[in-house]
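Me: I'm new to this one. Could you walk me through how to read it?

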Amino acid sequence: MNNINWREVAAGMIVSAILIAVWQGAASLGWVNPQILPSPLAVVQKWIEYLLPTDAYSAAAGSRWTWAFSGELIHDTISSMYRVLAGFVVGAGLALPLGLSMGSNKRVYAWMNPLVQVVRPIPPIAYIPLSILWFGLGNPPAVFLIAIGAFFPVLMNTIAGVRHVDGIYLRAARNLGANQRTMFLRVMLPAAVPYILSGVRIGIGTAFIVVIVSEMIAVNNGLGFRILEAREYFWSDKIIAGMISIGLLGLAIDIGMNKLNNYLLRWHRGLEN
Amino acid sequence: MNTSQIKISGVNKVFNTSDRQVIALKEINLDIPKGQFVCLLGPSGCGKSTLLNAIAGFSLPSSGAIATDGGVVTGPGPDRGMVFQEYALFPWMTVEQNVAFGLQIKGMNVAEIRLRVEELLNKLGLTDFKTRFPKDLSGGMRQRVAIARVLALDSPIMLMDEPFGALDALTRRNLQDELLRIWADLKKTIVFVTHSIEEAIYLADRIVVMTYRPGTVKRDMTVDLPRLRDPSSPTFNVLKRELGQLVMEEQQRHHNDEMRMAAVD
């Protein structure tokens, strides 16, 4: 894992480089209308413009540090991330206790499962009209939609995780004299963590999709809003710059989740190699 | 002196499957005195593990009773520590945490736990491994941790379900010697399930040979060879031949039964 295979990295770079070169060539030769497909250089230029502060530095407005982070891209990224996190915390925060009780208690499962099965297939995006009706515009409907997106993956995986706890651990713990509470907190919960984390990972992924969509309809900042706004002005370079930012942010989240996984599951056999 | 530690009286165990009834244990009566090392020996399906699970309280007898000095067995408890064949260590806990877990459940204070765990890890040669997770240990090391975890409970009784079955021959002998040392040192009453005749003779004060379905006591014999026993000695081999015959009779019945079942299917 720690040894980066540079040969492989280089091979991956070559394909990207060729693709970008062809794209740049097509743009420079005037084969495509720059309004439809701007050149890669124009996109990069726009991206840097989007990243950097719009106003010149003035001491009155704040420190150099705040100035350096006053660019539109930084603001949009922070807004989007804030929504993802808020929505995820709400969604996963409700899904986890419900999943734990549904997984460990047959009666709770019998009560809740039919409802869950009916509601689960509704895609979060189908909640858009209702979310606007209920919460108006701004962050609340966005957070609501993201919470729904994160809720079900975490719920389903938590239930599966608790149900798949190997009976041998329960027997060993009972033999050591564990009561219900200890059994739950120190045995069933940690044993279910691998499942729960894979649910968290899917949940974050869904939240990230939903945040972009919800920003296109309910709010006026964030990465999703920005690319939709750019379309209205025919700024195709900014649309692509925004999309690249979304891609990079998604990648960063995924790498972060991977690191968290590796740390929390450092005891897990599946990670041996 | 010869006070009874485990008293098994008239124990029967019946399992009901969807299409038939299996009598796993029939009229088992055993009186195990304090400090005795007993091996339950027999082929698979003879009910030796069922009997051990009944003593542990995981699966209670259909009729009859099992009593220890702590009273009649009604469920699992830390007075009867169990070492499982599959180790059953908690993989999310380090070696140290696994050994400490039983003590935390008991509500012992942190400083005392640290001291006790330290001492046990030392006793079993695990000190250098204390911050490792089970997945990073060999089978032999894992079983040492499982033994330490049970010793931490300080229970008078130790139940062992084919604990060394999955280990290679050398590691196995190594752990058998270690167990004998611990047993002599701590004067535990041990009930040890095995299907290895040699292992039973090497370890036990007393060997209980069980029959294949229904599980009954076929032979209850005392082994009074001095320890450490030499598996290549003539007396050891006389015993081995005798027990071999008994166990193979039951193995043959097990085999015939399997063939018959296959024919029915």
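**A helix lying on a sheet**

Reply: Sure, let's start in chain B. Helix H7 (residues 234-264) of chain B lies across strand E3 (37-41), strand E9 (206-210) and E10 of chain B, and runs at about 25° to E9(B). Keep in mind that this is a predicted model.

Me: What is the strand order of the open sheet in chain B?

Reply: To read a sheet, go from one edge to the other and name each strand as you pass. Here the six strands of chain B come in the order E6-E7-E8-E3-E9-E10, and the pairing is mixed. E6 and strand E10 (217-222) of chain B are at the edges with a single partner strand each, so one side of each has no neighbour in the sheet. On average, neighbouring strands are turned by 15° against each other, direction ignored.

Me: In which sense do E7 and E8 of chain B pair, parallel or antiparallel?

Reply: For a strand pair, look at the direction and then at the bridges. Strand E7 (residues 157-161) and strand E8 (residues 189-194) of chain B pair in the parallel sense, over five bridges. If you want a spot to look at, B:Leu159 stands opposite B:Val191 in E8(B).

Me: Now the two chains. How many residues of chain B are in contact with chain A?

Reply: For an interface, ask who touches, and then what kind of residues they are. 20 residues of chain B are in contact with 16 residues of chain A. On the chain B side, strand E6 (80-83) and helix H2 (95-106) each supply at least two residues, and the largest share, four residues, comes from H2(B). That side of chain B divides into 14 nonpolar, three polar and three charged residues.

Me: Over in chain A, at what angle do helices H8 and H9 pack?

Reply: With a helix pair, check the angle, the distance and the residues that meet. Helix H8 (residues 167-175) and helix H9 (residues 180-217) of chain A pack at about 160°, with their axes 11 Å apart. Angles over 145 degrees count as roughly antiparallel, and therefore H8(A) and H9(A) are roughly antiparallel to each other. The crossing is right-handed. A:Tyr169, A:Leu170 and A:Ala173 from H8(A) meet A:Met183, A:Val187 and A:Ala191 from H9(A). The residues of this contact are six nonpolar, no polar and no charged.

Me: And which domains does chain A have?

Reply: The domain assignment gives domain 1 (1-32) and domain 2 (38-271). Their C-alpha centres lie 30 Å apart. Five residues of domain 1 of chain A are in contact with four of domain 2 of chain A, and the domain 1 side divides into three nonpolar, two polar and no charged residues.

Key: Residues are numbered from 1 along each chain as its sequence is written. Chains are lettered from A and ligands numbered from 1 in the order in which they are written. This is a predicted model: local features need pLDDT of at least 70, side-chain atom pairs count only at pLDDT 80 or more; totals for chains, interfaces and linings use all residues. Axes are lines fitted to C-alpha atoms, for helices over the stretch in contact, and angles run from 0 to 180 degrees between N-to-C directions. Angles under 35 degrees count as roughly parallel, over 145 as roughly antiparallel, 65 to 115 as roughly perpendicular and the rest as oblique. A crossing is left-handed if the near helix is turned anticlockwise from the far one by less than a right angle, and right-handed if clockwise. Two residues are in contact if their C-beta atoms, placed from the backbone, lie within 7 Å. Ala, Val, Leu, Ile, Met, Phe, Trp, Tyr, Cys and Pro count as nonpolar, Asp, Glu, Lys and Arg as charged, and the others, Gly among them, as polar. Domain bounds come from an automatic or database domain assignment. Two strands pair if DSSP finds at least two bridges between them.
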